2 protein chains.
Amino acid sequence: MERVKPHILPGFMELTPSRQALMEKIMETIRQVYALYGFTPLDTPVIEASDVLLAKGGGETEKQIYRFSKGDSDLSLRFDLTVPLARYVAMNYASLTFPFRRYQIGKVYRGERPQRGRFREFYQADIDVIGDGSLDIMNEAEIPSIIYQVFTRLGLTRFVIRVNNRKLLTGFYDMLGLADKSADIMRTVDKLEKIGPDKVRDILCGDLAVPEDSARQILDFMSIRGSNDSVLAALAGYAGRNPTFDLGVRELGTVVTYLKDFGVPEDHFAVDLTIARGLDYYTGTVYETQLTDYPEVGSVCSGGRYDDLAGFYTDKKLPGVGISIGLTRLFFILDDRCLLSDRLVTAPADVLILPMTEDTAPAVRLATLLRESGIRTQIYTEPKKFKAKMTYAGRLGVPFAAILGEDEIAAGAVSVKDMTTGVQETVAVPDAPARILAALSASGGIRPVKG
Amino acid sequence: MERVKPHILPGFMELTPSRQALMEKIMETIRQVYALYGFTPLDTPVIEASDVLLAKGGGETEKQIYRFSKGDSDLSLRFDLTVPLARYVAMNYASLTFPFRRYQIGKVYRGERPQRGRFREFYQADIDVIGDGSLDIMNEAEIPSIIYQVFTRLGLTRFVIRVNNRKLLTGFYDMLGLADKSADIMRTVDKLEKIGPDKVRDILCGDLAVPEDSARQILDFMSIRGSNDSVLAALAGYAGRNPTFDLGVRELGTVVTYLKDFGVPEDHFAVDLTIARGLDYYTGTVYETQLTDYPEVGSVCSGGRYDDLAGFYTDKKLPGVGISIGLTRLFFILDDRCLLSDRLVTAPADVLILPMTEDTAPAVRLATLLRESGIRTQIYTEPKKFKAKMTYAGRLGVPFAAILGEDEIAAGAVSVKDMTTGVQETVAVPDAPARILAALSASGGIRPVKG
């Protein structure tokens, strides 16, 4: 038979079983937090009609899009979850209840140049709240608490949610008479951390022809730092000169005010005036999330408030606020830097039953009994030697092996071996589920599957 | 602004929020059952290199495949989860632990002619156990219990798992001197239920040139019916004439023997000699699952034993057994026939908090408190009238509304309204989580999200 060498495409992530089990735990954690905040799951097609998906124009991503024909249809793979959301909300406007809160975790596709830690197929995990005509600032205030819960439950302790407000920035540049250049200026200032103030000044005064005095004022403004209260106090010094700026400061103040009530510790949150988010799309609060010890990886969860979700599909005004986690990249970063919690259990089963007799009926009955108690159970099925069976148990990483030899069967018992401690004890079969559940529960992190 | 009419492609399923919530419950149920049996999750790319994906040749599905170029790569979307599994196991052979038990739930693509209930993008939910060189019959015996658990936990009571064995069929046709025609005969006999015995006889004696006496013997054999034991007894009458047949009968006997110990009630299981599964691929036990009251929808969960998973990629002998649920189609069928359990809760939140004062800090604190107890909580954020807020609660279908007016806040209390009964009671804020959890638990079906 002629054989084809099996391989996957560059830029596509595929994990080993134990890594995949970790990835599933992360996805489940994110799903649970999103559900806890009352978001409803949505699932849109991966393939969309090109004219619909690219209605807005793909911008820089257009050439990265996987676009092809099938029959006489012009098709494209989704490159994010926001455009499909806009399409969905516009299409189903009449039947949806607003504010509409949805989460979606799904794969998206971008034909980027492959490089380490960058993927062409990757998961995004998004939430958005969409209003009908208007949407209260409370929604913007709630987002940091969702980010905080996600990363805390993933076992991370050193991260900061950085927040700014686009109205505040727009108003500030308007104050300086630079409204028409504000988008370009924001994109430049966004690089402050990467390239430093001198280079930012060079670009501002050079390419963007910003007057030197204004460039100085911009850099002064961007150097405002300190506790949230002190930054807000410094911003108060600019009050009364521009209504958009003043509104932005009030909105930022509201977001900060609610932090404590939403359960976000202040050390995980920072007002940061340099954050702008590249897209023109954003109009209010913007968010980035940084891993304190790994600033080089950039933001691992970003988003913001926008005023016009679906203008390319509908004349309805649909403002919203949302965040997106680039899950595949996040997994890569956490795994690469050994930040994945060891408490997340990756064994495919809690118990491996090792039948030592030819008649495996007692093993099957024990498996059924354990599964009825929600214990993830596998029977070792192959007729191999004891040593091979134990090796298998060790390689799977199961916490318990349940050994059923002639003696155990005769006594209506089973020998349960704790694979971590090596301790083995014989218990009556009817007592086995409770004993194993108790041991699993005591060892932490392992939860039985609910019936 | 020029607008594009938002639409999705024909043959692609996209659900409303309440339907999607049901779909998620179904996927979660399947995932939990698969995990309970010690299968490990796997996630392979949706896009594969065409030469790898089509190494075996797509057969009838080849023209249905979504195949396209990007740069100079020839790419295809996966059309099932079996070929990617074969590729994965061949590629990672050295690092996997055998028997390797994996489950995968993912979207696959086939450009079929769109028709009601047929989809071009659909979920498959597969499990497979792969052995290294050999794989014990026990694995085939365990599969019906997994199918039984899945469908029972989905709330279905009237379904039958139909089982046959390909060795038995191959051996039987060999007995009749029809070994070279056995694949064609099986495909014809597979249609028995649809077209009836007379038409089957016509095809056998006509197109396939089977002697009339043999055709009669085939139809006699296929008419063996009754309890599992009586069918096995009838099969014993053919014993001793063909070793492959005898082995097949022994294997079938083993599968039947273990049913009870695996917890499968006999009325959900039937030996059915007419089942063959079209693919040449299968070599042992084969499975189909029929909804008793809806025979017209065909099998909703099928699979079987095979001896050569990955011959196109590796010279390793990799036998296995697996089943696949066409999840999107199953959802369509269950929903269409109103078979989805009402006990599955679809509201996006357990509690909607309605703040009645301008200061929403008490509402935020209450939300944080409830979420800390794992109660899915949403705050109504918009400054609307009370009636509009209650209408929203009704439309979301939340079981409880928590009303926070000035009186409640002054008293450190909250008015909790049971949206089902209409009963409203005022409780102290610190008591609210326990009260709501108890009420949710009593109403059944709603489970708090674990912290």
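These legends describe close-up views of a predicted model with chains A and B.

**View 1. Helices α1 and α4 of chain A pack against each other.**
Helix α1 of chain A covers residues 17-36, and helix α4 of chain A covers residues 138-153. Their axes come within 9 Å and cross at roughly 150 degrees, which makes α1(A) roughly antiparallel to α4(A). The crossing of α1(A) past α4(A) is right-handed. From α1(A), the contact is made by A:Thr29, A:Ile30 and A:Val33. From α4(A), the residues are A:Ile146, A:Gln149, A:Val150 and A:Arg153. Sorted by class, this contact has 4 nonpolar, 2 polar and 1 charged residues. An α-helix has 3.6 residues a turn, so residues three or four places apart point the same way.

**View 2. Helices α9 and α10 of chain A form a contact with no charged residues.**
The axes of α9 (residues 228-236) and α10 of chain A come within 11 Å and cross at roughly 165 degrees. The two helices are therefore roughly antiparallel to each other. Here α9(A) passes α10(A) in a left-handed crossing. On the side of α9(A), A:Asn228, A:Leu232 and A:Leu235 make the contact. On the side of α10(A), it is made by A:Val249, A:Leu252, A:Gly253 and A:Val256. The count by class is 5 nonpolar and 2 polar residues.

**View 3. Helix α5 of chain A is largely enclosed by the rest of the structure.**
Of the 10 residues of α5(A), which spans 166-175, 8 are buried, so the helix is largely enclosed. The buried residues are A:Arg166, A:Lys167, A:Leu168, A:Leu169, A:Thr170, A:Gly171, A:Phe172 and A:Tyr173. They pack against three helices and two strands of chain A: α6 (182-189), α8 (212-222) and α10 (243-258), together with β7 (159-165) and β9 (282-291). Helix α10(A) also appears in View 2, where it contacts α9(A). Just after α5(A), A:Gly177 takes a positive phi of about 70 degrees.

**View 4. Three strands of chain B form an open antiparallel sheet.**
The strand order is β2-β4-β3. Strands β2 (47-49) and β3 (67-70) of chain B stand at the edges, each with a single partner strand, so one side of each has no neighbour in the sheet. Direction ignored, neighbouring strands are turned by 40 degrees against each other on average. Strand β4 of chain B (residues 73-77) is joined to β2(B) by 3 bridges, and the two run antiparallel. Across this pairing, B:Ala49 stands opposite B:Leu75 in β4(B). Strands of a sheet pair through backbone hydrogen bonds, either parallel or antiparallel.

**View 5. Chain B meets chain A in an interface with residues from both chains.**
On the chain B side, 78 residues are in contact with 79 residues of chain A. Helix α1 of chain B (residues 17-36) gives the most to the side of chain B that touches chain A, with 7 residues. That side of chain B has 40 nonpolar, 19 polar and 19 charged residues.

**View 6. A cis peptide bond precedes Pro99 in chain A and in chain B.**
In chain A, the cis bond joins A:Phe98 and A:Pro99, with omega about -5 degrees. A:Pro99 is found in the loop between α3 (82-91) and β5 (100-109) of chain A. In chain B, the bond from B:Phe98 to B:Pro99 is cis, with omega near -5 degrees. B:Pro99 is placed in the loop between α3 (82-91) and β5 (100-109) of chain B. Most residues other than glycine have a negative phi, and most peptide bonds are trans.

**View 7. Two loop residues of chain B, B:Ala209 and B:Cys338, have a positive phi without being glycine.**
The phi of B:Ala209 is about 55 degrees. This residue is found in the loop between α7 (192-205) and α8 (212-222) of chain B. B:Ala209 has 8 C-beta neighbours inside 10 Å and so counts as exposed. For B:Cys338, phi is also about 55 degrees. B:Cys338 lies in the loop between α11 (327-336) and β12 (351-355) of chain B. With 7 C-beta neighbours inside 10 Å, B:Cys338 counts as exposed.

Note on methods: Residues are numbered from 1 along each chain as its sequence is written. Chains are lettered from A and ligands numbered from 1 in the order in which they are written. This is a predicted model: local features need pLDDT of at least 70, side-chain atom pairs count only at pLDDT 80 or more; totals for chains, interfaces and linings use all residues. Axes are lines fitted to C-alpha atoms, for helices over the stretch in contact, and angles run from 0 to 180 degrees between N-to-C directions. Helices (H or I, at least four residues) and strands (E, at least two) are DSSP runs, numbered from the N terminus. Angles under 35 degrees count as roughly parallel, over 145 as roughly antiparallel, 65 to 115 as roughly perpendicular and the rest as oblique. A crossing is left-handed if the near helix is turned anticlockwise from the far one by less than a right angle, and right-handed if clockwise. Two residues are in contact if their C-beta atoms, placed from the backbone, lie within 7 Å. Ala, Val, Leu, Ile, Met, Phe, Trp, Tyr, Cys and Pro count as nonpolar, Asp, Glu, Lys and Arg as charged, and the others, Gly among them, as polar. Two strands pair if DSSP finds at least two bridges between them. A residue is buried if 20 or more other C-beta atoms lie within 10 Å of its own, exposed if 12 or fewer, and partly exposed in between; C-beta atoms are placed from the backbone.
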